[in-house]
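Please look over the model below before reading the points that follow. They go from the whole chain to one sheet and its helices.

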Amino acid sequence: MKRLGRAVNRILATRPVVWSFVLLLLMLGVAPSWGEEGTGTPLALGYINSDGETGLVEFVAAEPLQEDLVAATALGVPAEPPAHQLVRLTNVERANQGLPPLKAASELMQAAQYHSDWMASHNCFAHKCPGEADWDTRIANAGYVNAQALGENIAAGYGSANEAVQAWMNSPGHRANMLSGAFREAGGGYAYCADCTYHRYWTMDFGARNAVYPVVINGEAWSTNSAYVQLYVYGPADQMRFRNAGGAWSDWMTYQPSKAWTLSADGGSPAVVYAQVKQGPTVLESNDSIHILPPEISPDYVLFLIAQGSELTTPAEYRLTIDACAPWSARVDPDWIDLSDYSGGSGTSTVNVHLEGFPTGVGTYTGTITVEAGGMSTQVQVTLVVTSEPLQKNHVPVSTKVQVS
């Protein structure tokens, strides 16, 4: 790791020389921009790749960056941490290049978070801050051992995981780590320090371990509202098989990297998928998890119209599509709402909705259909409008998002 110290010192030594510093920025693929004196946001990028090459650069953006760390989530599903966003967003970039996704390994997540916390607590931007172990020792100390390849990207000052990832993608050295075929796993870290130079510190560690061939669900997505997912399982292998948590193993099948799979949320959220790959007598196992969102129902609003004295509503019924990751059950309120089915299995189901014994007085009446699966629920709003006159064109919406049958 002596090469690290020499490379970093040599790069930082160019900072006082304006033209050399601009040249360095251009070599790293970062567009340098400075605000007027006393303005702008300090930014920094650094990387170490699996060959020991290093780079570290600091500059000032012309405009302060906006913080955007809060991700919208459904009730009952935790917000995706910024550290995990780094892995997921990196996998988006890899998918754009036709590359397989990286698995968020707990050991690398721990190592990356440790380093971001250390940089923030010591107001330091480096792969090794004062009092800290060498970067590869730090990763090993987190339990990531028997590594075939390691790499690390760091960033500071960026207001969101997406901004950090895009900055790395615009720098050849960092981009090479993110798109490297040598890595199968990754971990992210994020820390904030109000009194530090850069305020926000990002770390992403990359690795591959001997005899570890991970499975990845939906490109390491944080959550899903569909039972149908896509698995990627690393080889080499001759055969593979899978099971959901608490379920039985599938039959052995010929190995192929990608596999369509149906989740089961019987064990709650997150759902866990286990994979085994076999080559000769050797069998290796891995697993991945994904949070389960409430059932997705389309449409989520239905409107019935009827003229007073008529017997049939317009429309007569609606067709709901329910996509759930676990067996579902439904209830209605009030009971003049009627369903063709009140329960179903995981996956996609179709349910017809009609009204029976509904109010006949002129007015507007409302109700709900509640569908629950895996401990989470989704509601469909139901509205009935009874008119005193025959239905006219202006009673019926010009366009709606509902599906009628």
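**Notes on the model**

1. Of the 405 residues in the protein chain, 49% count as buried. Buried means under 20% relative accessible area, with a 1.4 Å probe and protein chains only. This is a predicted model, where local features need pLDDT of at least 70, side-chain atom pairs count only at pLDDT 80 or more, and totals for chains, interfaces and linings use all residues. Residues are numbered from 1 along each chain as its sequence is written, and side-chain values use heavy atoms, leaving out hydrogens and water.

2. The accessible surface of the protein chain is about 18,700 Å² (Shrake-Rupley method, 1.4 Å probe). Carbon and sulfur atoms hold 51% of that surface.

3. The protein chain has seven helices and 23 strands. These are DSSP runs numbered from the N terminus: helices are H or I, at least four residues, and strands are E, at least two. Contact means heavy atoms within 4.5 Å. Among contacts between residues at least 6 apart in sequence, 66% join residues at least 24 apart.

4. One open sheet has six strands in the order β2-β1-β4-β6-β5-β3, with mixed pairing. Two strands pair if DSSP finds at least two bridges between them. β2 (54-61) and β3 (103-104) are the edge strands, each pairing on one side only.

5. Strand β1 (residues 41-48) runs antiparallel to β2, joined by eight bridges. Proline 42 has valine 60 of β2 as its bridge partner.

6. Helix α3 (residues 82-96) packs on the sheet. Helix α3 touches β3, β5 (185-192) and β6 (200-209), and its direction makes about 140° with that of β5. Axes are lines fitted to C-alpha atoms, for helices over the stretch in contact; angles run from 0 to 180 degrees between N-to-C directions.

7. Helix α6 (residues 161-169) lies across β1, β4 (147-156) and β6. Helix α6 runs at about 60° to β6.

Notes
Buried < 20%, exposed > 50% of the residue type's maximum accessible area, 1.4 Å probe, protein only.
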